[in-house]
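Got your viewer open? Let's take a short walk through this structure, one selection at a time.

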Amino acid sequence: MGLLALTLGSCGSDYLDTEYTRYLDAETAGEAAGRNPDVFLNGMWSWQVEYSDAHDYFGLMSVLLAKDMMSEDIAVSAFHWFCYDYDFDNRMFNYRRTRKDWSFFYTDIAKANDIIGSYPEGGKTADEKALLGQALAIRGMSYTYLPQIFQTYMKQDGTINREAAGVPLILTAADGYSLDELDALKGRNTVGAVLDQAEKDLTAAVQNLTEANYKRPSKNYVDLSVAQGLLARYYLLTQQWDKAAAAANAARSGYKQRDYAGLHDGFMTVNNSDVMWGFAHNSETQTTYASYFSHISNLAPGYAGLNYCAKLIDARLYSQIADDDYRKDLYNGPAGDSSQPTSGAVLPYANLKFGSTGDWTMHYIYMRAAEMVLIEAEAYARQGNGAQAASVLKELMANRQPSWDKSSVTVEDVLLQRRIELWGEGFAYFDLKRNNLGIDRNYEGSNHLAGYLHTIPAFDIRWTYQIPQTEMQENSHIQDSEQNP
């Protein structure tokens with residue numbers, strides 16, 4: 001099928017049942033796990049990169065890229081895949097985006113529950129604890145993401161609205177609930193209840209992986225450092241600053257920040273010293289055009305590189321990167337660069353951050369040690385300890401801008417470094433929502449696509465997805481009146 005023959009199809013009425021009701025029975029699951037825990041884990045890791053029915057869906061990285069497109073940090077050269085997200089027009093109950101995101105996380109939860117439900121008394125051996133720890137980490141991660149996407153969970157005063165309607169909690173009898181209690185949890189629990197479950201899962205994941213002394217076979221798997229990193233993200237979201245700093249510091253222990261060469265390696269290998277978790281694609285798992293690198297990399301021969309929809313850095317953000325910051329080399333300036341190898345990469349402000357192996361086996365990176373530095377620094381800055389925040393941040397900046405030598409930093413300083421460091425990696429939307437920030441693409445010199453120069457304030461309903469139609473129809477615990485605006 002030729003590229004031009006591919007239809008966008010982002011807004012549609014093709015429905016897919018959510019996956020969380022598909023369980024193995026406990027006896028069969030337990031036997032399978034006992035024989036080979038990787039039966040469960042490989043299925044879980046494969047789901048993170050699952051490609052199904054459209055070129056803008058390929059698992060976790062498609063969820064994150066769609067959210068990044070709802071920021072002001074990424075501009076595009078043309079309307080194509082992911083541009084309904086760019087237009088803030090992909091949130092309605094009958095759209096595929098809402099259904100796929102919902103199904104993605106609840107299938108993660110289902111796969112985790114297959115494991116958790118198999119050990120009602122908890123793990124007894126190191127292998128069982130390692131298996132449980134990874135399942136709990138994935139379930140906790142899912143319950144951290146879901147309320148952020150499917151609710152306006154912040155108050156105007158900057159605190160979390162714990163009483164707002166959240167999402168269903170799909171748990172197991174092994175979690176200590178009766179069948180009636182499990183059934184009741186399938187309604188819209190409060191945001192506070194969902195976040196509490198996420199914290200419970202993530203702290204239990206850390207405990208299990210610590211007790212197991214687990215050594216993972218590859219970075220596809222979740223080990224203690226990843227569980228600590230997920231917990232650090234959770235504490236950052238929930239404004240538990242001391243805990244966020246401690247978890248982030250523990251998570252990045254043993255990792256080395258990438259140097260100049262690492263910054264220019266294309267962000268396409270989990271083998272870099274700062275990569276904590278990811279997925280190492282091979283020729284059997286890669287999905288060519290329906291892939292993260294097809295859409296994000298202007299250097300790959302995909303949709304971005306062929307300039308069907310090149311991904312550009314926001315001009316205003318680019319101007320805020322210091323001239324002697326190595327990361328400025330990861331983007332063209334306003335004049336573009338005619339020496340670049342693809343039509344997407346020659347454009348003004350084209351990102352050159354993400355590379356290409358040429359055979360579509362570029363790895364997906366889910367977590368880096370740089371993020372943990374930024375979490376720790378922000379946590380200190382939030383507490384008014386700008387000097388400690390600067391000391392932590394310098395560990396990162398030494399390999400980004402050697403001249404950087406601030407003795408104190410503010411929260412805003414750290415947030416700017418997050419935007420620069422984590423550009424295109426799936427954090428912008430979530431940072432905007434947790435900080436009660438809107439976007440403004442309509443400024444003098446904007447390089448955003450004409451017709452999409454949106455100015456969208458915080459708390460606009462367009463930041464929040466509606467509950468998918470399939471869920472509203474099939475879940476008797478959620479009434480029509482409980483739908484998001």
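Before you click anything, here's a term you'll need: a residue counts as buried when its relative accessible area is under 20%. Also keep in mind that this is a predicted model.

**Stop 1: a pair under cover**

Select R96, at the start of helix α5 (residues 96-116). Is R96 buried or exposed? Its relative accessible area is 4%, so R96 is buried. Now add D56, which sits in the loop between α2 (38-47) and α3 (60-68). D56 is buried too, because its relative accessible area is 0%. Show the side chains of both: D56 and R96 form a salt bridge, with the closest N and O atoms 2.9 Å apart. The two residues are 40 apart along the chain, and their pairing links distant parts of it.

**Stop 2: from strand to helix**

Next, select R368 and E421. They form a salt bridge as well, and here the closest N and O atoms are 3.0 Å apart. Which parts does this pair tie together? R368 lies in strand β4 (residues 364-368) and E421 in helix α16 (residues 411-421), so the bridge joins parts that are 53 residues apart in sequence. Both R368 and E421 are buried.

**Stop 3: a pair with one foot outside**

Now pick R462 and D460. Their side chains meet in a salt bridge, 2.9 Å from N to O. R462 is partly exposed, with a relative accessible area of 30%, while D460 is buried, at 17%.

While you're on salt bridges, try selecting R258, D265, D274, D325, R327, K353, R368, R400, E421 and E425 together: salt bridges with shared partners join them into one network. You've already met R368 and E421 as a pair. How many salt bridges does a search of the whole structure find? The count is 33.

**Stop 4: two helices side by side**

For the last stop, color helix α14 (residues 369-382) and helix α15 (residues 386-397). Their axes come within 8 Å and cross at roughly 165 degrees. That angle makes α14 roughly antiparallel to α15, because anything over 145 degrees counts that way. The crossing of the two is left-handed.

Zoom in on where they touch. On the α14 side, select A370, V373, L374, E376, A377, Y380 and A381; they meet Q388, A389, V392, L393 and L396 of α15. What kinds of residue make up this contact? Ten are nonpolar, one is polar and one is charged.

Notes: Residues numbered from 1 in each chain as written. Predicted model: local features only at pLDDT ≥ 70, side-chain atom pairs only at ≥ 80, totals over all residues. Heavy atoms only, no water. Axes fitted to C-alpha atoms, helices over the stretch in contact; angles between N-to-C directions. Helix = DSSP H or I, 4+ residues; strand = E, 2+ residues; numbered from the N terminus. Parallel < 35°, antiparallel > 145°, perpendicular 65-115°, else oblique. Left-handed = near helix turned anticlockwise from the far one by under 90°. Contact = heavy atoms within 4.5 Å. Nonpolar A, V, L, I, M, F, W, Y, C, P; charged D, E, K, R; others polar. Salt bridge = Lys/Arg side-chain N within 4 Å of Asp/Glu carboxyl O. Buried < 20%, exposed > 50% of the residue type's maximum accessible area, 1.4 Å probe, protein only.
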